Amino acid sequence: MLLKRLTQAMGPSGFEDEVRGILREEVSPYVDAIYTDVLGTLICEKGRSQPGPCVMLDAHMDEVGLMVVGVENSGLLRFRPLGGVDPRILVAKRVRIGSSKLPGVIGSKPIHLQKPDEQKHPIPEDELFIDIGAKDKEDALANVQLGDVAVFDTLYDTIGDGCVKAKSFDDRVGCYILSEILKKSYAVPLVGAFTVQEEVGLRGATAAAHRIAPDIAIALEATVCFDGPFVPSHSEGTRLHGGPALTVQDGRTVADVRFLRFMMETATKHNIPYQLRRVKGGSNDFAAIQKSREGVVGGAISIPLRYMHAPAQIVSSKDVENAIRLVDAILQEIASGNWVEERFAN
Amino acid sequence: MKELIKSLCEHIAPPGGERALSNELLEKVRDVAHQTSIDRLGNVIATKNGDGPHVVLMAHADQSGVMIMDIADKGFLRIIGAGNLEPGRLVGCQVVFQNGVKGVVQLEANTKDAEIRFDHLFVDIGKSSKASASELVHIGLSGVIVAPFTELGATRICGGSMDNRVGCAIAITAFRDLAAMNRHVSVVFTAMQTVGARGVGAATFALSPDLAIVVDAGPCDDVPGHDVSSTELGKGPIIQVMDGTAIVSVRIRRHLEESAKKKGIAAQFGVWPKGSADTDAGAIQLTKAGVAVGGVHYPARYVGSTSTVVDVQDAQNAAILIVEAASSYEG
């Protein structure tokens, strides 16, 4: 199962190789050309010589992770986050390190030994370490090098009513949606970009957008969802099962209103549920693509994701399915010539 | 100049919503331009072909505002910022949305002044249910603070959109003068500057200027609480040394300084640390293989607040300085 394979693969920013391998194998039979750029972004071209605006679909392959930056004499590993990791969620988690996927545990002082004051505060990042069971520094360095990366050790599974649980839905769910779309055919020039290093600053998308020079771009993402009973409506971001989320403004983009209207109208026309993302924080690759060259029209379609950047995350299978339907409908509408900028300009 | 500023101030143009102002801006320059366009990001561009290096004047069209991000059960709106407005300053202000709907910004009960964030604010548009409010407004609709153009005596003016309609007026005036001199000149009214200089890069990429001159509000500190001021209202245009986005090359800065001298205009210098007066300059400077950039700004009091005070004479002198510098620039 593709989504399972993608989420269980290892791919922190800059180390996307395993994910790229899976995607290359998966989509190769369906595209005209497939290649990587110098940063490692996997670019897939399909029907590029057809008439019509060139559409770039973007999904980033990388996930947040940890990087080993030191080894103590005791053999314990010091690390630093790669991307936005909340240190408070790290304590006592299982991780896998390096391409050999060496198992490790993020250790911490047990409650029995903590002083009353220590129990009141989260353990600071510099007091956390990864334990790989090494007996000393030399033993540790026989298995791990500085610069090796680690990701959470989480298995994909179905959970509850119509949900799935895994690590790294951000943004393997986007990669999954893009793969499914690339398996279909549309009467528009289409370029899929599985980008690198989004979590450290939209770096892969910046170079990819310059190379591809699209007319229209859509980032396929996972986005914050915290729809608990104790959260007011304006603080939940999105709702699970509420359909794919469209952005009005985030930390790095103000929506292109015309394309936003086009996407909303398309969803309504095709009877696809959607929601507007109700939070300013966060961003995605579209922010970088929008500013590329002479500017690019487009937006983002995001899957509501509970517990973003945490070891175990939850998405709704229905939301994923509806996102695929929405991207499919948008491409059909563009192919039919129904995206006309002026028509959506108020 | 005052009338021009006044007419530009009548439009609502939050970041991403600059198109409400685009036509009026185009009308002010179309008759002297060879090409005009609005690009994909909403930058409004006019070019006059002519002699000399291609000088591009850059003034941002957008103003800071707010955006609706939720409509609550009783018809109250929840908002996020769009630009640099500080949430604490908005309490009690009126806001007008892009479709003309007005409301009052207020604060959740039991919030201390020091803690005010956008999540504590709401807008009352006079509706009592989510359904009736939803008939008037929608998530993603933007608005600006109601603070109309007002004259303060003979030469000073204030209002909520001074930053940067004054800059647009200066750029229009200078562009027209340079066109009349048959110089090769463009003007760009840039989009989405207040959210972080997002529009200008695309226009710079398209135009490849030989020299870009940014025109923006230069915050001045000649107000109670400062013993010594570095920039003052009414003391002439501000030549940018550096802001949080760009250090202007000494060659360009000297050229601007000499141009002011040649015209007998008193000028001041702007040295602004990051965050205090960030402009489009950095995004321009780092486009393609690099672009020569300078800044000629007008002194403005209370930048970032809901109403800014400007002296029209400073604006007039900024335009004269820009025309001199652009027409004598040799590349």
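Two strands are taken as paired if DSSP finds at least two bridges between them. I applied this to a predicted model, and my entries follow.

**Entry 1: strand 12 of chain A**

I looked up the partners of strand 12 of chain A. Strand 2 (residues 42-46) of chain A runs antiparallel to strand 12 and is joined to it by 5 bridges. Within this pairing, I noted that I43(A) has A193(A) as its bridge partner. On strand 3 (residues 55-60) of chain A, I counted 6 bridges to strand 12, and here the two strands run parallel. V55(A) stands opposite L190(A) in that strand.

I then asked how many residues of strand 12 (residues 190-195) are buried. The result was 6 of its 6 residues, so mostly covered by the definition of buried as under 20% relative accessible area. L190(A), G192(A) and F194(A) point one way, V191(A), A193(A) and T195(A) point the other way, and all are buried.

**Entry 2: cysteines**

I searched the whole structure for disulfides and found 0 over all chains. A disulfide is a covalent bond between the sulfur atoms of two cysteines. Why does C54(A) not bond to C44(A)? The sulfur of C44(A) is the closest cysteine sulfur to that of C54(A), but at 13 Å it is too far for a bond. C175(A) is likewise in no disulfide, the nearest cysteine sulfur being that of C44(A), 10 Å away. I recorded C54(A) as buried, at 8% relative accessibility. C175(A) is also buried, with a relative accessible area of 0%.

**Entry 3: the two domains of chain A**

The domain assignment divides chain A into domain 1 (2-63 + 167-344) and domain 2 (65-152). Their centres, taken over C-alpha atoms, are separated by 32 Å. I listed 15 residues from domain 1 and 16 residues from domain 2 in the contact. The area buried between these domains is about 1,100 Å², and carbon and sulfur atoms give 73% of it. Which residues of domain 1 lose the most area to domain 2? I found M10(A), H309(A) and P311(A), which together make up 46% of what that side buries. The count of salt bridges between the two domains is 1.

**Entry 4: salt bridges**

Side chains of opposite charge can pair when their charged atoms come close. Over all chains, my search of the whole structure returned 33 salt bridges. One of them joins E18(A) to K101(A), with the closest N and O atoms 3.0 Å apart. In another, E72(A) pairs with R78(A), and the closest N and O atoms are 2.9 Å apart. E72(A) is partly exposed at 32% relative accessibility, and R78(A) is partly exposed at 26%.

I next examined E333(A), which forms a salt bridge with K269(A), the closest N and O atoms being 2.9 Å apart. E333(A) lies in helix 9 (residues 317-335) and K269(A) in helix 7 (residues 257-269), so the pair ties together parts that are 64 residues apart in sequence. E333(A) counts as buried at 8% relative accessibility, whereas K269(A) counts as exposed at 58%.

In chain B, I recorded a salt bridge between E324(B) and K262(B), with the closest N and O atoms 3.1 Å apart. This pair links helix 8 (residues 312-328) of chain B, which holds E324(B), to helix 6 (residues 250-262) of chain B, which holds K262(B), across 62 residues. E324(B) is buried at 12% relative accessibility, and K262(B) is exposed at 58%.

Finally, I noted a network of salt bridges that links R5(A), E25(A), E26(A), E180(A) and K183(A).

Key. Residues numbered from 1 in each chain as written. Chains lettered and ligands numbered in written order. Predicted model: local features only at pLDDT ≥ 70, side-chain atom pairs only at ≥ 80, totals over all residues. Heavy atoms only, no water. Buried < 20%, exposed > 50% of the residue type's maximum accessible area, 1.4 Å probe, protein only. Helix = DSSP H or I, 4+ residues; strand = E, 2+ residues; numbered from the N terminus. Disulfide = S-S within 2.5 Å. Domains from an automatic or database assignment. Contact = heavy atoms within 4.5 Å. Buried area = accessible area lost by both parts, 1.4 Å probe. Salt bridge = Lys/Arg side-chain N within 4 Å of Asp/Glu carboxyl O.
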